[in-house]
Amino acid sequence: MKKVTINEAAELLRAQDNILLLTHVRPDGDTMGSASALCYSLRLAGKTAYLYNNPQFEDNYPWIAAPYLAPEGFAPSYIVAVDLADETLFPKGFDGDVDFCVDHHPSNTGYAKHTLVWPNKASCGEVIMELAKALSGRLDATIADLLYIAVSTDTGCFVYGNTTGETLSAGAELCQAGARNAVLNKILFRTSSRARIALEALLMSSFRYYDDGRIVISVISKELLDEVGATEKDCADIAALPGRVEGTVASAVIKEIDPTHCKISVRTTGLVNANKVCARFGGGGHQMASGCIMDKNCFEAADILAGAIGEQLK
Ligand SMILES: [Mn+2]
């Protein structure tokens, strides 16, 4: 593996043609927006470039990648991975060597022949933005929209802790280049399916409070999911919901797998170590976000979990 600079990366790409771009498994706005933006930029530079037809595009904003999908039988001569930290995250159905990787994950394993990683960037979109400028010298409204999707989704619309002054500058540059920020924000952050709204309403009215409200736990039984007709997609980021209650230092969402198993996501403000809590039940993660599976009924699990968290608050 050889690390390259932006200009070296642009040179590498200029020397190639028939380029296939990979997005990661369970594609999000960053991998889709970034890969689509790079594809568009390569086409402007006169290249034949397509996105690998990730079968999971259908689950998440398929319209982003739609204009760039590879036709049946496209035989690439150069493979580029975008926002793809390691080989276990290859899109379903892809197996092969990667020539070049553009990414922002510090954990990138260097599986590609050439790698451009900027680990301090909140999104891969910010790396692609510089690469696109090196390739074509400017940003137009089409690429600005795609990169705005990438940067905004990886930062929760410029809200998460990974958002820095640099991220906001990138956002400003994209808006000045023509990104339709208000339109995209409405679609990406201010629109929910009916099932999602119904799920949120039911969840919020069923929060369980422990330890004077410092612990808030929400239980999602199968019955509840069926009642509102929610799918996996409707449950995205649901773990953050109970933590919104004022005074919460630790929150959890417990999802029923079957009557004697449940999946638990714990979020904390840092006062409680979520990793330690989940490790007690064979799981783990980070200080402020962890998970585990418990061999218990989901309602019973809520009380057990609250007890384990409460011990750290004594
Ligand atoms: Mn990303």
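These legends describe close-up views of helix H11 and neighbouring strands in a predicted model.

**View 1. The length of helix H11.** Helix H11 covers residues 298-313. Its 16 residues should span 22 Å, at 1.5 Å a residue. The end C-alpha atoms lie 23 Å apart, which agrees with that expectation.

**View 2. The buried and exposed sides of H11.** Six names make up the buried set: Cys298, Ala301, Ala302, Leu305, Ala306 and Ile309. These buried residues sit on the same side of H11, because they cover an arc of only 135° around the axis. An α-helix has 3.6 residues a turn, so residues three or four places apart point the same way. Gly307 and Glu311 are exposed on the other side of H11.

**View 3. What the buried residues of H11 pack against.** One helix partner is H10 (274-279). The strand partners include S7 (208-210) and S8 (215-220). Strands S9 (250-258), S10 (261-268) and S12 (289-294) are also packed against by the buried residues of H11.

**View 4. Strand S12 beside S10.** Two of the strands that pack against H11, S10 and S12, run antiparallel and are joined by six bridges. Lys263 has Ile293, in S12, as its bridge partner.

**View 5. The S11–S12 hairpin.** Strand S11 spans residues 284-285. S11 pairs with S12 in the antiparallel sense, over two bridges. Gly285 has Ser290 of S12 as its bridge partner. Three residues lie between S11 and S12 in this hairpin. S12 therefore appears in two views: it pairs with S11 here, and is joined to S10 in the view before.

Conventions
Residues are numbered from 1 along each chain as its sequence is written. This is a predicted model: local features need pLDDT of at least 70, side-chain atom pairs count only at pLDDT 80 or more; totals for chains, interfaces and linings use all residues. Helices (H or I, at least four residues) and strands (E, at least two) are DSSP runs, numbered from the N terminus. The expected span of a helix is 1.5 Å times one less than its number of residues. A residue is buried if 20 or more other C-beta atoms lie within 10 Å of its own, exposed if 12 or fewer, and partly exposed in between; C-beta atoms are placed from the backbone. The arc is that of the directions from the helix axis to the C-beta atoms. Two residues are in contact if their C-beta atoms, placed from the backbone, lie within 7 Å. Two strands pair if DSSP finds at least two bridges between them.
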